[in-house]
Amino acid sequence: MWRIGQLARMVGVSERTLRHYDKIGLLTPAAVNHTTGYRWYGVAELSRLERIRGLQRLGLPLRQIADLLDAPEEHLRQALAEIVTDIKRDIAALAATAAHAEDHLATPMSILPQQTTMGPRRLRVRRLHLDHPSELAAVCPAPPATLLTWLRGQPTGGFTAAVTTDRVGERLTLPARAVVRAVVPPSTDVVRAGRELFGWLHRHRLAVTGPTVEEHLVDADGADAVVLEVSVHPQRHTPLA
């Protein structure tokens, strides 16, 4: 039999850890001297402790280890499979974050695009035909207002746009959709921000699937902001011939 300090040194854990395991019912001493309070451990406890430590190294939390210590092997395998899936998901998310940061370092932009999903939206609009993006500022009403353009990138000629109206106009429904959104800083020209956003979409292989929504907002203090929103989906890879 070993006292708590001896077992701690043998396995490489602290006495505090062993007391915690005892408190939560994970590893109970073989015997406790009620006069001195000394905890004593045997081979069975040593084996159980090694299994606990091994399961921890596999990424299992203590609360799950408590359920699996005496469970059939298939239960352990299922738990480990779930952990592997979670780890792979976390790795993919971290890789995407790193890629976005590297993209921003390589191509500095005034905006920080974010991917999200939007629910359906109903608008009443007035359609326009414009010859150049510089005309957009003149046709967009004072905020709050919404401007829509049907573009896939920098226009090479005339293009269609629409602005929201409180008067009689065409009813337009935007379906639920995946979008990339970006808030345009007050110091940045909206046309420039739009070019940067389309460049970002191209680099991230996202195809435009609907109108670009340019939302002109104003708060109670009179401060205004512009939010760009583009409906997207991943581009399909074309196999090499």
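This passage looks at helix 1 and its neighbours in a predicted model.

A good place to begin is the inward side of helix 1, which spans residues 4-11. The residues buried here are Ile4, Gly5, Leu7, Ala8 and Val11. Viewed down the axis of helix 1, these buried residues fall within an arc of 165°, so they line one face of the helix. A general feature of α-helices helps in reading such a pattern: with 3.6 residues a turn, residues three or four places apart point the same way. Several elements take part in covering the buried residues of helix 1, including strand 1 (2-3), helix 2, strand 3 (39-41) and helix 3. Just after helix 1 comes glycine 12, and its phi is positive, near 90°.

Among these covering elements, helix 2 can be taken up next. Helix 1 packs against helix 2 at an angle of about 110°, and their axes are 9 Å apart. Because angles of 65 to 115 degrees count as roughly perpendicular, helix 1 is described as roughly perpendicular to helix 2. On the helix 1 side, the meeting residues are Ile4, Gly5, Leu7 and Ala8, while helix 2 contributes Glu15, Leu18 and Arg19. Sorted by class, the residues of this contact comprise four nonpolar, one polar and two charged.

One of the helix 2 residues in that contact, arginine 19, deserves a closer look. Helix 2, in which arginine 19 lies, covers residues 15-23. How buried or exposed is arginine 19? Its relative accessible area is 39%, so arginine 19 counts as partly exposed. Leaving aside residues up to four places away in sequence, arginine 19 touches Ile4 and Arg39. Arginine 19 and isoleucine 4 are 15 residues apart along the chain, and 8.6 Å separates their C-alpha atoms. Ile4 is also one of the buried residues of helix 1.

Helix 3, made of residues 43-57, gives helix 1 another packing partner. The axes of helix 1 and helix 3 come within 11 Å and cross at roughly 45°. That angle makes helix 1 oblique to helix 3, and the crossing of the two helices is right-handed. Which residues make the contact? Leu7, Met10 and Val11 take part from helix 1, together with Leu46, Leu49, Glu50 and Arg53 from helix 3. By class, this contact holds five nonpolar and two charged residues, with no polar ones. Leu7 thus appears in the contact with helix 3 as well as in the contact with helix 2, and Leu7 is among the buried residues of helix 1.

Conventions
Residues numbered from 1 in each chain as written. Predicted model: local features only at pLDDT ≥ 70, side-chain atom pairs only at ≥ 80, totals over all residues. Heavy atoms only, no water. Axes fitted to C-alpha atoms, helices over the stretch in contact; angles between N-to-C directions. Helix = DSSP H or I, 4+ residues; strand = E, 2+ residues; numbered from the N terminus. Parallel < 35°, antiparallel > 145°, perpendicular 65-115°, else oblique. Left-handed = near helix turned anticlockwise from the far one by under 90°. Contact = heavy atoms within 4.5 Å. Nonpolar A, V, L, I, M, F, W, Y, C, P; charged D, E, K, R; others polar. Buried < 20%, exposed > 50% of the residue type's maximum accessible area, 1.4 Å probe, protein only. Arc of directions from axis to C-beta.
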